[in-house]
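This report describes the pockets, the packing and the cysteines of one protein chain. The sequence and the structure are shown first.

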Amino acid sequence: HARDIFLFMYYTHGMRIGDALFLRVSNIHKEPEAWRCRYQMHKTDSRRNVKLTEKARLIVEKYAENKGPNDSLFPFVELGKNYNDERTYKETKSAKTSIVNKGLGKIKERLGWEKNLTCHIARHTFADAARVKGANTYTISKALGHARLYTTEKYLKAFDQNAVDEINDIFE
């Protein structure tokens, strides 16, 4: 489950774990031209409407099977709790994020990776992959749901050295 929610967050433009954990089946819309994930970001209260890739759609199909529209998409949060209560939301988000991160830690160990693998890495990985594919900072910022371009620039700053180093390719 940890792998699937991580990949889903990556495929949905770096969705935050706090939003992914609380998705319901009803957040997924099957439209003739594309499937979409519509949700409201908890952190910024802004609405998101993300076109799902084929890989994201396959994850949705796996988890939505035999569920009703009000059921949680991923099997981490329980129905019946009042997640509109900020304390309940934060406590649940923290506990469930820890569970997902432990699962990602096991994946990291199996792969023999040295760097940490956490939920938030899905956002950074999406941002860097979009940058490498040639997306401009403004588009990446909008995809991540950042209110300010500066926030996105901070995300991408860590990857700037790699880009600068690649300039040396002109000498080969």
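## The largest pocket

In this predicted model, helix H2 (17-20), strand S2 (35-40) and helix H4 (86-111) each contribute at least two residues to the lining of the largest pocket. The space in this pocket amounts to about 450 Å³. Its lining consists of 17 residues, and those closest to the centre are Phe22, Gln40, His42, Tyr83 and Asn84. By class, the lining of the pocket comprises six nonpolar, six polar and five charged residues.

## The nonpolar cores

The largest nonpolar core contains 36 residues, among which Phe8, Leu73 and Val100 touch the most other members. Two or more residues of this core come from each of helix H1 (2-11), H2, S2, helix H3 (54-64) and H4. H1 gives the largest share, namely six residues. A second, separate core has eight residues, including Phe126, Ile140, Leu144 and Tyr155.

Beyond its sequence neighbours up to four places away, phenylalanine 8 is in contact with Met15, Leu23, Ile28, Cys37, Leu52, Ala56, Ile59, Val60, Leu73 and Phe74. One of these partners, isoleucine 28, is located in strand S1. Isoleucine 28 has a relative accessible area of 12% and is therefore classed as buried, the cut-off being under 20%. With the same exclusion of residues up to four places away in sequence, isoleucine 28 touches Phe8, Trp35, Arg36, Cys37, Leu52, Val60 and Leu73. Isoleucine 28 also lies 8.9 Å from proline 69, C-alpha to C-alpha, although 41 residues separate the two in sequence.

## Helix H1 and its surroundings

H1 is mostly covered, with seven of its ten residues buried. These are Ala2, Asp4, Ile5, Phe6, Phe8, Met9 and Tyr11. The cover over the buried residues of H1 includes H2, strand S1 (28-30), S2, H3, H4 and helix H5 (121-132).

After H1 comes histidine 13, which has a positive phi, near 65 degrees. Histidine 13 is also among the residues that line the largest cavity.

## The enclosed cavity

The model has one cavity of 30 Å³ or more, and the largest cavity holds about 40 Å³ of space. Its lining is formed by Thr12, His13, Gly14, Met15, Arg16, Tyr39, Met41, Arg48, Val50, Arg123, Ala143 and Leu144. Strand S3 (47-51) and helix H6 (137-144) are the elements that give two or more residues to this lining.

The lining of the cavity divides into six nonpolar, three polar and three charged residues. Two of the lining residues also appear in the contacts and cores described above: Met15 touches phenylalanine 8, and Leu144 is a member of the second core.

## The cysteines

How many disulfides does the model contain? The count is zero. Cysteine 37 forms no such bond because the closest cysteine sulfur, in cysteine 119, is 16 Å from its own sulfur, which is too far; a disulfide would require the two sulfur atoms to lie within 2.5 Å. Cysteine 119 is likewise in no disulfide, its nearest cysteine sulfur being that of cysteine 37.

Are these cysteines buried or exposed? Cysteine 37 has 0% relative accessibility and so counts as buried. Cysteine 119 is buried as well, with a relative accessible area of 5%. Cysteine 37 is, in addition, a contact of both phenylalanine 8 and isoleucine 28.

Notes. Residues numbered from 1 in each chain as written. Predicted model: local features only at pLDDT ≥ 70, side-chain atom pairs only at ≥ 80, totals over all residues. Heavy atoms only, no water. 1 Å grid on protein atoms, 1.4 Å probe; cavity = no way out; pocket = protein on both sides within 12 Å on 5 of 7 lines; lining within 4 Å. Points joined across faces, edges and corners; volume = space filled by probe spheres on them. Helix = DSSP H or I, 4+ residues; strand = E, 2+ residues; numbered from the N terminus. Nonpolar A, V, L, I, M, F, W, Y, C, P; charged D, E, K, R; others polar. Core = buried A, V, L, I, M, F, W, Y, C linked by side-chain atoms within 4.5 Å. Buried < 20%, exposed > 50% of the residue type's maximum accessible area, 1.4 Å probe, protein only. Contact = heavy atoms within 4.5 Å.
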